[in-house]
Each structure stands twice: as structure tokens, then as C-alpha cells.
Amino acid sequence: MSRVLVVEDDPQLVRALVINLQAREYGVDAAPDGASALRTAAARHPDAVLLDLGLPDMDGVEVLRALRVWTAAPVLVLSARRSSPEKIEAFEAGADDYLTKPFSMDELLARLRAALRRTGPFPQAPEAPAVVDAGEFSVNLVAKKVSRAGRDVRLTPTEWQLLEILICNPGRLITQRRLLQDVWGPAHSNNSNYLRVYMAQLRRKLEPDPSHPRYLITEPGMGYRFEA
Ligand code: CA
């Protein structure tokens, strides 16, 4: 069974996609925004992704770039954007196909089958673990394991969520607000002291010199960045 991740914030369209995909024996996960899409993709390892570009928290193209760091699973963009530059940007970010809304469900299903035929089912761990190797430590996004010098590093669920968001966006500034919202929820989007505490814990576990971090970088007053 192939697994498909549907990334779309329009509940009616999500419903239609889920019903049609399940009727054709696909396993389906759905994510209504970019942050949950990246978390779900890392956890479920989909064989294909259907990706809306207009998402509430970030642009779908950003989601695509973050996915392409670690997965080659086909990504079919579903978007109301019809201009050539927008399509070209999506293809350059790693899209495999592009359907403009509104699209016919039969055409979408045919293109999905074609994309899956080209790539085959995405290999599962342990043959091809989605591992990000930072040098000092490495992170397996599928097994949700971190190791350092050959030993497992134990992370709390909150530490893991923070680390996962950062390493899925290498080199990119992730704002304090977004980290707080994604990990603790919208009610906590101003509690930047949570972040200071948890980032300090992560650094103690992962950084060679926690007081001079080289992987988990603070951008003062703005947010955090992972440098591989
Ligand atoms: Ca949308």
C-alpha cells in the first residue's frame, strides 16, 4: 500500500481527496499547514505528497524545499496559482508535477499513479533511513533517534520536536513565534523563556561546547537556526 500525504488547508478539498484516495487503497495522512506537514512527513514517510502552495503558516514552496532535504518521494503541487514563474519556482524547488485548481479528480489520480510508477514505493528504513548527519551528531528522522559519537542521545518529546523543526530547515532562521506555536501551541507564542530553557538543554546534549554553539544557533531577538 502506498502512503500519500495531503497538505491542504481547504477542509472540503481534503475530504474529497481523502475519500478518493482511500477508495483506491492508498493510506492517507492529511496536514492543514506547513509545520504539521513537515512533522507528519518525518513521522510517516509518505510515498507521495499532494501539496497546496497557499498554506496558512508558510508558503508551500518552503515546505517543498524542506522535504527535499531528506526525501525523494514525488510531490504533486495542487495550486490555484497559474503563472509560469510560480510553476517554475515549484519545479525548481523539487516538484514532480503541477495541477492547477480546480482539477479533475481522475486526472489527479492518473498523475499520482504515474508519479508512483516512476519512483516506485519509497524505500523504508533501515535500508534508507532519513538521516541528517551534522558531524558531531546525527539525527534519524524516521526512527526519531539522535546519536552522538556512536551512542544514542535521549531527548524528551519537546526537545525532539524543537530539534526536528530546526534540522528539517537547515540554514534557515525559524522564528521564536513559530517554534513556540508549533511545539507548545498558539497560546504560548510569547513564552520565549520556554525556548531558552529547551535550547540550552539541547545544546548540553548535542553541542561540543554548549556555551559557544556551532549547530544550534541563536539569532538574538529573532529565533534559531540549525547549521549542518
Ligand atoms: Ca490553500
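## A positive patch

In this predicted model, four arginines come together as a positive surface patch: Arg24, Arg113, Arg117 and Arg118. Take Arg113 as a sample member of the group. Its place is helix H5, which runs over residues 105–119. With a relative accessible area of 42%, Arg113 comes out as partly exposed, because that value falls between the 20% and 50% cut-offs.

## Backbone oddities

A bit of background before the backbone: most residues other than glycine have a negative phi, and most peptide bonds are trans. Here are some exceptions.

Glu25 has a phi near 70°, so a positive value, and it is not a glycine. You'll find Glu25 in the loop between helix H1 (11–23) and strand S2 (27–31). Its relative accessibility is 61%, so Glu25 counts as exposed. His45 is another non-glycine residue with a positive phi, this one near 50°. His45 also sits in a loop, between helix H2 (34–44) and strand S3 (48–52). Is His45 buried or exposed? At 2% relative accessibility, His45 counts as buried.

Then there's the peptide bond from Lys101 to Pro102, which is cis, with omega near -5°. Pro102 belongs to the loop that joins strand S5 (97–100) and H5, and H5 is the helix that holds Arg113 from the patch.

## Aromatic pairs

How many aromatic pairs does the structure hold? There are 5 of them. One is Phe91 with Tyr98: the ring centres are 6.3 Å apart and the planes sit at 40°, so this pair is tilted. For the angle, the tilted class is what remains once planes under 30 degrees apart are called stacked and those over 60 edge-to-face. As for cover, Phe91 counts as partly exposed at 40% relative accessibility, whereas Tyr98, at 7%, counts as buried.

Another pair, Phe137 with Tyr215, is edge-to-face, with 5.2 Å from centre to centre and 75° between the planes. This pair links distant parts of the chain, with its two residues 78 residues apart. Phe137 is in strand S7 (residues 137–140), while Tyr215 is in the loop between helix H8 (192–206) and strand S11 (216–219). Both Phe137 and Tyr215 are buried.

## One aromatic cluster

Which residues form one aromatic cluster with Phe137? They are Tyr215 and Phe226. So the edge-to-face partners from above turn up again here, joined by Phe226 in the cluster.

Key. Residues numbered from 1 in each chain as written. Predicted model: local features only at pLDDT ≥ 70, side-chain atom pairs only at ≥ 80, totals over all residues. Heavy atoms only, no water. Phe/Tyr/Trp six-rings, centres within 6.5 Å; stacked < 30°, edge-to-face > 60°. Buried < 20%, exposed > 50% of the residue type's maximum accessible area, 1.4 Å probe, protein only. Helix = DSSP H or I, 4+ residues; strand = E, 2+ residues; numbered from the N terminus. Patch = residues over 30% accessible without salt bridge, like charges linked within 9 Å, V, L, I, M, F, W, Y side chains within 5 Å. Areas by Shrake-Rupley, 256 points an atom, 1.4 Å probe, with all protein chains shown as cover. Salt bridge = Lys/Arg side-chain N within 4 Å of Asp/Glu carboxyl O. Lys, Arg positive; Asp, Glu negative; His and termini not counted. Charge placed at Lys NZ, Arg CZ, Asp CG, Glu CD.
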